[in-house]
Each structure stands twice: as C-alpha cells, then as structure tokens.
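The following paragraphs lead the reader through one protein chain, beginning at a single residue and moving outward. Please keep the sequence and the model in view while reading.

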Amino acid sequence: MLFDQERHEAVTTKYWSEEKALEIIKDIFHKTISNYNTETYWPTDSKEDADITCNKSMYYGASGVLWSLIQIADFLKEELPLDRRE
C-alpha cells in the first residue's frame, strides 16, 4: 500500500514557504547525521517491515541514506561531516 492515512500527513491549505521548507530540510539533514553510528550506520525504523536492525543496501538502508545526504549537502552547500568512503 502506497498510502496509509495513519502514517501520512493530511493535505493542508497552508501557504508555501521556501524558508520553512529549507528549515525542515536542514533539520532532517542534521538529525540524520547526528543519528549516524560507525558500527551500525542508521537503525531500521521500528515501524518498517524489516527483519534486521541495520541494512546497507541502496534502496532500503545506509547506502541510500548516505546518497541522499550527499545530494542534500550539495543542495544546501554544506559540508557533509561523514567520510564518503567508509
């Protein structure tokens, strides 16, 4: 199922704010970096349908998160404080 009303926010009529969007992107970016662990990378969300606590695959795990962080760091013109080679 692509949409689950319990897990997604309702459509809103609030005014679009580029400043607010960038604030949220930066918040997610920095929280994701702060949750990084050199041994386990990022934990699997307890709400995900996964049998493992950490996954390094591209589509469902750490490599996809790292790829996303690289893209966001480039977009924000911020330094990525992680070694991209590890």
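Glu78 has a relative accessible area of 25% and is therefore classed as partly exposed, since the buried class requires under 20% and the exposed class over 50%. The model under discussion is a predicted one. Glu78 is located in the segment after helix 2. Apart from neighbours within four places in sequence, Glu78 is in contact with Lys26, Phe29, His30 and Ala73. One of these partners, Lys26, is 52 residues away from Glu78 in sequence, yet the two C-alpha atoms are 9.7 Å apart in space.

Lys77 likewise belongs to the segment after helix 2. Is Lys77 buried or exposed? With a relative accessible area of 75%, Lys77 is exposed, because the threshold for that class is over 50%. The backbone of Lys77 also deserves attention: its phi angle is near 55 degrees, a positive value in a residue other than glycine.

The wider framework may now be considered. The chain holds 2 helices and 0 strands. Of its 86 residues, 21% count as buried. When contacts between residues at least 6 apart in sequence are considered, 39% of them join residues at least 24 apart.

How do the two helices meet? The axes of helix 1 and helix 2 come within 11 Å and cross at roughly 135 degrees. Helix 1 and helix 2 are therefore oblique to each other, because an angle has to be over 145 degrees to count as roughly antiparallel, and the range for roughly perpendicular runs from 65 to 115. The crossing of helix 1 past helix 2 is left-handed. On the side of helix 1, the contact is formed by Leu22, Ile25, Lys26, Phe29, Thr32 and Ile33; helix 2 contributes Val65, Leu69, Ile72, Ala73, Phe75 and Leu76.

The interior comes next. The largest nonpolar core comprises 13 residues, and those with the most contacts inside it are Phe29, Trp42, Leu69, Leu80 and Leu82. Helix 1, spanning 18–34, and helix 2, spanning 62–76, each provide at least two residues of this core. Helix 2 gives the most, with 6 residues. Which residues does Leu80 touch, if those up to four places away in sequence are not counted? Leu80 touches Phe29, Ile33, Leu66, Leu69, Ile70 and Ala73. Phe29 and Ala73, both touched by Leu80, are also among the contacts of Glu78.

A final point concerns aromatic rings. The structure contains 1 aromatic pair. Tyr36 and Tyr41 form this pair, with a distance of 6.1 Å centre to centre and 65 degrees between the planes, an edge-to-face arrangement. Tyr41 counts as buried because its relative accessibility is 18%, and the limit for that class is under 20%.

Note on methods: Residues numbered from 1 in each chain as written. Predicted model: local features only at pLDDT ≥ 70, side-chain atom pairs only at ≥ 80, totals over all residues. Heavy atoms only, no water. Core = buried A, V, L, I, M, F, W, Y, C linked by side-chain atoms within 4.5 Å. Buried < 20%, exposed > 50% of the residue type's maximum accessible area, 1.4 Å probe, protein only. Helix = DSSP H or I, 4+ residues; strand = E, 2+ residues; numbered from the N terminus. Contact = heavy atoms within 4.5 Å. Phe/Tyr/Trp six-rings, centres within 6.5 Å; stacked < 30°, edge-to-face > 60°. Axes fitted to C-alpha atoms, helices over the stretch in contact; angles between N-to-C directions. Parallel < 35°, antiparallel > 145°, perpendicular 65-115°, else oblique. Left-handed = near helix turned anticlockwise from the far one by under 90°.
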